[in-house]
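Reader: I would like a close look at one part of this protein, with enough of its surroundings to place it. Please keep to what can be read from the model.

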Amino acid sequence: MLFKTLLLILSLLTCSSILQAEMIFRAAYENASQYPNYVGDTSEIVKPKPGVAVELVKRLENHIPDFKIEFFRFPWKQCLLLLKEGELDGIFNGSFSQQRLKVGTYPWKDGSVDTNRRLTTMSYHFYRLKDSKFNWDGHSVSGLTGKIGTPIAFSIEADLKKMGLPILSARDIQVNFSNLLRGKVDALALQDVTGDFHIQRKSGLNSIEKVLPALKTKPYYLMISKQFKNKHPELAEKIWNTIAILREEKLKELLQGYY
């Protein structure tokens, strides 16, 4: 009886140590579609195809022992806030800005952000009404009489302000398009994966077109909270290193499943 009791205790202790050894990484991304990176204008995790970026991050579990990811979806501004507070361990897709160094951490090398360990690359473009006089030649805008619409808390806000352009930010992509259609803004500045997806697949947007060339092309990262990085510095580096490997080996393959 004593032997069985000891075995039970040892079994419980073993199970407890296994559970404690498993790292749960709380990762979040925006609750709006950024096709093909993440799918669905919803706070729910879309299945079975949640998006390329989600699938890529999920694959970290296969390469890091005892590492599990719990996904969440929030408005991007809330993602940034929760990361800063340490309520989340990571968020994606986040482009680099000096201001966001107060919010979380990026892969770093030789005193600057390490673009080789990015999650993906995306471009911002202007979108305008087809009969609009607004234009962009790659250096400056013309025909602007009002404001530029942007998604709230996106890095492009600061970029446009540096260019001296007035902006009107909106929390929802549909509000941005509505503002353009109603003449509240002259153009929108959007990530092209988002803008292209909506004007090609959503009804009522056939009067809107993409402006060439690109406004800005940026690398995007899995940002990690300062709290997690300070507590698990080696694991944070391993996460970013693995992201770089997965991007090179799996991104094209994953993309094929969405087009």
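Reader: At which residue does helix 8 bend, and by about how many degrees?

Author: Helix 8 bends at Lys250, by about 55 degrees. The bend at a residue is the angle between two fitted axes, one for the seven residues ending there and one for the seven starting there.

Some ground rules come before the surroundings. This is a predicted model, in which local features need pLDDT of at least 70 and side-chain atom pairs count only at pLDDT 80 or more, while totals for chains, interfaces and linings use all residues. Residues are numbered from 1 along each chain as its sequence is written, and side-chain values use heavy atoms, with hydrogens and water left out. The mean pLDDT (the predictor's confidence in each residue, from 0 to 100) is 92 for the protein, and 92% of its residues reach 70 or more. Residues 1-19 stay under 50, and the model gives them 0 contacts beyond four places in sequence. Where pLDDT is low, predicted coordinates should not be read in detail.

The protein has 8 helices and 13 strands. These are DSSP runs numbered from the N terminus, with helices being H or I of at least four residues and strands being E of at least two. Helix 8 covers residues 233-256, which is 24 residues. From its first C-alpha to its last it reaches 34 Å, close to the expected 34 Å; the expected span is 1.5 Å times one less than the number of residues.

Among the residues of helix 8 that are buried are Leu235, Ile239, Trp240, Arg247 and, beyond Lys250 in the numbering, Leu251 and Leu254. Buried means under 20% relative accessible area, exposed means over 50%, and partly exposed lies in between (1.4 Å probe, protein chains only). Over the whole protein, 47% of the 259 residues count as buried. The buried residues of helix 8 pack against strand 1, helix 2, strand 2, strand 6, strand 13 and helix 7, where contact means heavy atoms within 4.5 Å.

Three of these partners follow one another along the chain. It crosses from strand 1 through helix 2 to strand 2 as a right-handed β-α-β crossover: with the strands pointing away from the viewer, the path from the first strand over the helix to the second runs clockwise. Strand 1 (residues 23-30) and strand 2 pair in the parallel sense over 8 bridges; pairing requires that DSSP finds at least two bridges between the strands. Tyr29 stands opposite Arg73 in strand 2.

In a regular strand the side chains alternate between the two faces of the sheet. Strand 2 (residues 67-74) does this: Phe67, Ile69, Phe71 and Arg73 point to one face and are buried, whereas Lys68, Glu70, Phe72 and Phe74 point to the other and are not.

The loop between helix 2 and strand 2 holds Asp66. Its phi is near 55 degrees, positive in a residue other than glycine, and Asp66 is partly exposed, with a relative accessible area of 49%. Most residues other than glycine have a negative phi, and most peptide bonds are trans.

Strand 13 (216-224), another partner of helix 8, is joined to strand 12 (208-210) by a loop that contains Pro213. The peptide bond from Leu212 to Pro213 is cis, with omega near 0 degrees.
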